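Got your viewer open? Here is a short walk through the model, one selection at a time.

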Amino acid sequence: MMEKYSVWREAEEIQYEGNEVGILISHGFTGTTQSMRPLAEAYARAGYTVYCPRLKGHGTAPEDMEASTYEDWIESVDEAYHWLKERCTKIFVVGLSMGGTLALYIASQYKDIQGVIPINAAINIPALAEAASSNERFLDAIGSDMKDPDQTEAAYDRTPVQSIKQIIPLMEMVSQRLDEIHCPIMIFVSDEDHVVPPNNSEIIFESVFSEHKEIIHLENSYHVATLDYDQDLIIERSLEFFQMYTNTKNSL
């Protein structure tokens, strides 16, 4: 029987019931909903219905994450999509890092998605191939890559090698599905990122088939931009994005 781990208080799922427009938000690899809470709360204040799920294996213990698969992470956001679908007529998707990868997956899977906002999304991290071949069970933590020294991300203090072996095929799969994304997309990318190479966002921009697409460079944040100096910019521009495309019907 698999051992049970308690969920960190700051890692619990975030839900707000608001109007008929839903915002699905996903946190990243080894991270928690804490990294996305400022966005979730801002969207809720604007009246939107918001769901930020805790990805399976996250916010508990590295040993718990070790036992989860990328299919489990997809299932976590898929369940959130269906929760929103029951309550909303339009849905947008926002994600940070691997959460951005999952947001892109949802946008490629469900053609009714109104728009997608990946933030430092991961689709190709060459350094992970070497990490995945390590004989160690855990490697150093990757969390809290932020320019603001006063901020801390609630993330694991170790990275399971087994989980690295899961994110690699997830990135490969999503990168092959980018041409299936036709909805409006707003891409945020930190010019200096010590986790995901910034060129990932350039590849996403060039690969999606969205008629309306924009890439915004973050000059004052590192990887966890949602908690960094550019947080307000991300919130402001994403709210403008939601408003702009709420009344737009996507063409398939």
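A residue counts as buried here when its relative accessible area is under 20%. By that cut-off Pro184, with a relative accessible area of 4%, is buried. Bear in mind as you click around that this is a predicted model.

**Stop 1: Pro184**

Start by selecting Pro184, which sits in the loop between α6 (161-175) and β8 (185-190). Now add Tyr245 to the selection. In sequence the two are 61 residues apart, yet from C-alpha to C-alpha Pro184 and Tyr245 are separated by 7.8 Å.

**Stop 2: the aromatic cluster**

Keep Tyr245 on screen, because it belongs to an aromatic cluster together with Tyr43, Tyr48, Phe92, Phe241 and Phe242. Show those side chains as sticks. Across the whole structure, a search turns up ten aromatic pairs.

**Stop 3: Trp8 and Tyr156**

Next, pick out one of those pairs. Trp8 and Tyr156 meet edge-to-face, with 5.4 Å from centre to centre and 90° between the planes. Which parts of the chain does this pair tie together? Trp8 is in the segment before β1, while Tyr156 is in the loop between β6 (138-140) and β7 (158-160), so the pair links parts 148 residues apart in sequence. Switch on a surface and look at each partner: Trp8 is partly exposed at 24% relative accessible area, whereas Tyr156 is buried at 2%.

**Stop 4: helix α1 against helix α8**

Go back to the cluster residue Tyr43 and select the whole of α1, residues 37-45, then add α8, residues 231-246. Their axes come within 10 Å and cross at roughly 40°, so the two helices are oblique to each other. The crossing of α1 past α8 is right-handed. On the α1 side, the contact is made by Pro38, Leu39, Ala42 and Tyr43; on the α8 side, by Gln231, Ile234, Ile235, Ser238, Leu239 and Phe242. Colour these by class and you get eight nonpolar residues, two polar and no charged ones.

Stay on α1 for a moment. Which of its residues are buried? They are Pro38, Leu39, Ala40, Ala42 and Tyr43. To see what covers them, bring in β1 (14-16), β2 (21-26), β3 (49-52), β4 (90-96) and β5 (113-119), which are included in the cover along with α8. After α1 comes Gly47, whose phi is positive, near 105°.

**Stop 5: Tyr229**

Now move to the loop between β9 (213-218) and α8, where you'll find Tyr229. Is Tyr229 buried or exposed? With a relative accessible area of 42%, Tyr229 falls in between and is partly exposed. Beyond its neighbours within four places in sequence, Tyr229 is in contact with Lys147, Asp148, Pro149, Asn220 and Ser221. Put a distance label on Tyr229 and Lys147: they are 7.3 Å apart, C-alpha to C-alpha, and 82 residues apart in sequence.

**Stop 6: helix α3 against helix α4**

Finish with another helix pair. Select α3 (residues 70-85) and α4 (residues 98-109), whose axes are 10 Å apart and which pack at an angle of about 60°. That makes α3 and α4 oblique to each other, and their crossing is right-handed. Show Trp73, Ile74, Val77, Asp78 and Tyr81 of α3, then Met98, Leu102, Tyr105 and Ile106 of α4, and you have the residues that make the contact. By class, the α3 and α4 contact has eight nonpolar residues, no polar ones and one charged.

Technical notes. Residues are numbered from 1 along each chain as its sequence is written. This is a predicted model: local features need pLDDT of at least 70, side-chain atom pairs count only at pLDDT 80 or more; totals for chains, interfaces and linings use all residues. Side-chain values use heavy atoms; hydrogens and water are left out. Axes are lines fitted to C-alpha atoms, for helices over the stretch in contact, and angles run from 0 to 180 degrees between N-to-C directions. Helices (H or I, at least four residues) and strands (E, at least two) are DSSP runs, numbered from the N terminus. Angles under 35 degrees count as roughly parallel, over 145 as roughly antiparallel, 65 to 115 as roughly perpendicular and the rest as oblique. A crossing is left-handed if the near helix is turned anticlockwise from the far one by less than a right angle, and right-handed if clockwise. Contact means heavy atoms within 4.5 Å. Ala, Val, Leu, Ile, Met, Phe, Trp, Tyr, Cys and Pro count as nonpolar, Asp, Glu, Lys and Arg as charged, and the others, Gly among them, as polar. Buried means under 20% relative accessible area, exposed over 50%, partly exposed in between (1.4 Å probe, protein chains only). Rings of Phe, Tyr and Trp (its six-membered ring) pair if their centres lie within 6.5 Å; planes under 30 degrees apart count as stacked, over 60 as edge-to-face and the rest as tilted.
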